[in-house]
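I opened this notebook to keep track of what I looked up in the structure, beginning with enclosed space and then turning to strand pairing and the annotated repeats.

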Amino acid sequence: MRKLKKSVILGLSIAALGVSTYNVSKTYALENPKSYVAQTNEARSSEVGVKDEDELISALKDPSVQKIILKNNIKISKQENQTKIKVEGKSKEIISESSTNKYTISSIGNKDSEACISFYQSASIKNVNIDNVEIIGWDLNIENSNIKNTSIRANYIKKCTIENSAMSTEWLDDSKLINTQIDERKLDSDAKIINVDIDNTNTDLKYDESTIIVGNENLTLENVNIKNKYGKGIKIEGKSDVVIEGDVKIETNKTEAISLEGSSNDNKSRLYVNGKLKQVGDTYTIKAKNDGDYTEVYDKSNILSKGLDSGGSGYYNTSLRTGNTPKLPDSSMELTKEVSTDDELVAALENPKVQEIIVLNDIEISKKEIYSMIKIEGEYKKIVGKSSTNKPKISYKFDAYIFFDVKCNKGLDITNIDFNSIRMNSDKVYIENCTIENGIAMTGQSIKNSTVVNCSISAVNIENCKLINAQIDVSRLDSDVKITNVDIDNTMTKLVDYASTIWVSNENLTLKNVNIKNKSGRPLSIQGNSKVIIEGNVTIETNKTEAILLEMDYTKQMARLYVNGDLKQIGDTYTIVSKQSGVYTEVYDKNNILNSSMDKDGTAYYNTINRVGSEPKLPENNKNGWKQENKVWYYYKNGIKSKGWLKDANKWYYLGEDGKMQTGWKMVHGTWYYLNGSGAMETGWKNLNGTWYYLRPSGAMATGWEKVNGTWYYLRSSGSMATGWIDLSGTWYYLDGSGAMKTGWQKISGKWYYMYGSGAMAKNTVIDGWKINSSGVATKIK
């Protein structure tokens, strides 16, 4: 769309700067600006004629000059004047020498360098042509002038022709506008537009733009004609009252002629149709969003018919129409809506009360000017194709994409739909059994059982999907991400060297049963504060770069990769490259399937043993085995610090995430182990500070009942061995000083007790002629 041109600003000042009161009647031209400035106040005139740029600027800045008479056309061309020029003086008037032969003030200014002549007090312009000069004045009257290629703010404009401009005024009377917009916002005063013709048939207004926009102001339109090619004739926002008097005619064929968009009950937009509202075209005359709540339309002339949709928007048609009258909506619209055209689809998407949209057939969105962005409204909405096997397609006609702006707080479910050239960006979108093509970017909560082609996607859960020439962005999701049972075929996509099929940045990701085929670029990049876990079978095919890269980003936090599953590679490159290993990146090899080495710069290289292809040679590094550094023991393999469990000389050791050998108690994956002073894992009975613990053959600390060499022992939750009486869920047991559980008859502290084979103490019974009471104490029956 060709934008309305804003150029040099001729601003009219209101600030109270004072004026000359000398009674001088002589008129003269400014021959030399320097000598002019040097004159005393007494010698200055209140009326001057100007012939060039310097004389004009000097006269504008002189507070004693009240009338500036243009002797000829003047162009503001000096670079120092392509800025804000403050006009001094009150009641300043700019006129042409002849009322019939108007002279022009123009400028060479452009969007990067604009002259701005700013009047801060009362002023007027009469019989002057303005070209490429923006005019600003809150107490400015303009009359009988031609203005073009500019932006203008004036108090009163009458008998003017304004072309290719943007304007704002409290009073516009008896004028003609061509390719010009009126913005009546922030006026702090009631406005009137009377006897005005506006022809915008050659102006490419966008769908949401208007010839006249009113925001939080009051406006009266009387005898006004508006011709629009695109966009709305009038848009009313916020707390505004607009009154139509006399004959007002609006011609438009792309959108409603008048739009009301109030923001709340206290900030209603109101339209009073007191005169004849005529329309040329086939669209609604008025659309009032949240009609009755945030907007109101009053039809004094009884010329409007009304319909209400289920979303609460009111639609009005005038009876004074040239063209086809559109059908008004029915407020009894059901929550489920079947759609077969783009207009029906968009209406249903934007209607917050429609909860389910059933797409009957392929729909091509074909109105570029109207539907470049579609807001999907409602707490919850579902879009479903009527057939799950022959899925209908929603596509965009033009060589671009259309943006679906999802506003559904409780989610948007999409099922059985093929999308083409659609973009979405919401963490509340759930997609299943769909095909997504050429989508540029699709962000959602979940994508399942779908095919993605030529698209970048981002979702918390991607499951059972096939991706072709597609990329996955795992960043800014603020949630752990899972990619499960997914095939990615990028053999026809030429990624640049630094681009990746899957890019992870400051997020956690689990890959399970994933296949990636790459022609170029990296299959997987991990940056910043990220944790990526590989589970199940993950196969990566690439021949251009390493399969997986870990590196630092601006956060300077640790990027970690946990290889807990079977990592396979097809190709001849390194499986993993970990830059600044041990400092900003870490790789954990749970199943010992990686061969590794570190180069002199601290980059670690890994090769999986599960490979189809030639394994690249690892850098040579002779740093191996146990090394003590700063009194801390580490174990190296080809220069890389080992982490996790390490078996050396038939003994197990545990090395922390920083590679440090651990000693003492250590919890690993929820289980306690004890590592002696040499770091070796202990097994069997262990007395620590007078307390016995039992460490199973795996090294795991035992708790609860444990049978050791045929004898039962009880280990408390802390792992300490119990002795004496213990109560477990109301059942008593007795463990002797060695911790062994006792059975049969036992004399304890001079009293007899009987323990069953399970070790449980008997009570309230008779055994072998002995009566046992509720406390378990036995007494011989006489």
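**Entry 1, the cavity.** I first asked which residues line the largest cavity, and I found N225, I226, K227, K249, I250, E251 and V280. I note that I am working from a predicted model. When I sorted this lining by class, I counted 3 nonpolar, 1 polar and 3 charged residues. I then looked up which strands contribute, and saw that β21 (218–228) and β23 (240–251) each supply at least two residues of the lining. The space in this cavity comes to about 30 Å³, and I recorded that the structure holds 1 cavity of 30 Å³ or more.

**Entry 2, the hairpin of β63 and β64.** I next looked up how strand β63, residues 664–668, meets strand β64, residues 671–675, and found that the two pair in the antiparallel sense over 5 bridges. For one position within this pairing I asked which residue in β64 is the bridge partner of M667; the partner is W672. Between the strands of this hairpin there are 2 residues, and I noted that H669 takes a positive phi near 50 degrees.

**Entry 3, a sheet of three strands.** Further along the chain I looked up an open sheet of 3 strands, whose order is β73-β74-β75 and whose pairing is antiparallel. Why is one side of β73 and of β75 left without a neighbour in the sheet? Both β73 (765–767) and β75 (778–780) stand at the edges and have a single partner strand each, so each has one side that no other strand of the sheet adjoins. The twist in this sheet averages 30 degrees from one strand to the next. I then followed one pairing in detail: β73 and strand β74, residues 770–772, pair in the antiparallel sense over 3 bridges, and V766 stands opposite K771 in β74.

**Entry 4, the annotated repeats.** From the record I took the UniProt annotation "repeat: Cell wall-binding", which belongs to an unreviewed entry and covers residues 642–661, 662–681, 682–701, 702–721, 722–741 and 742–761. I looked up the secondary structure and end separation for two of these spans. Residues 702–721 are 0% helix and 50% strand, with the end C-alpha atoms 9 Å apart. For residues 742–761 I likewise noted 0% helix and 50% strand, while the end C-alpha atoms lie 10 Å apart.

Key
Residues numbered from 1 in each chain as written. Predicted model: local features only at pLDDT ≥ 70, side-chain atom pairs only at ≥ 80, totals over all residues. Heavy atoms only, no water. 1 Å grid on protein atoms, 1.4 Å probe; cavity = no way out; pocket = protein on both sides within 12 Å on 5 of 7 lines; lining within 4 Å. Points joined across faces, edges and corners; volume = space filled by probe spheres on them. Helix = DSSP H or I, 4+ residues; strand = E, 2+ residues; numbered from the N terminus. Nonpolar A, V, L, I, M, F, W, Y, C, P; charged D, E, K, R; others polar. Pairing = 2+ DSSP bridges. Axes fitted to C-alpha atoms, helices over the stretch in contact; angles between N-to-C directions. UniProt positions renumbered as here; feature names shortened; annotations may be inferred.
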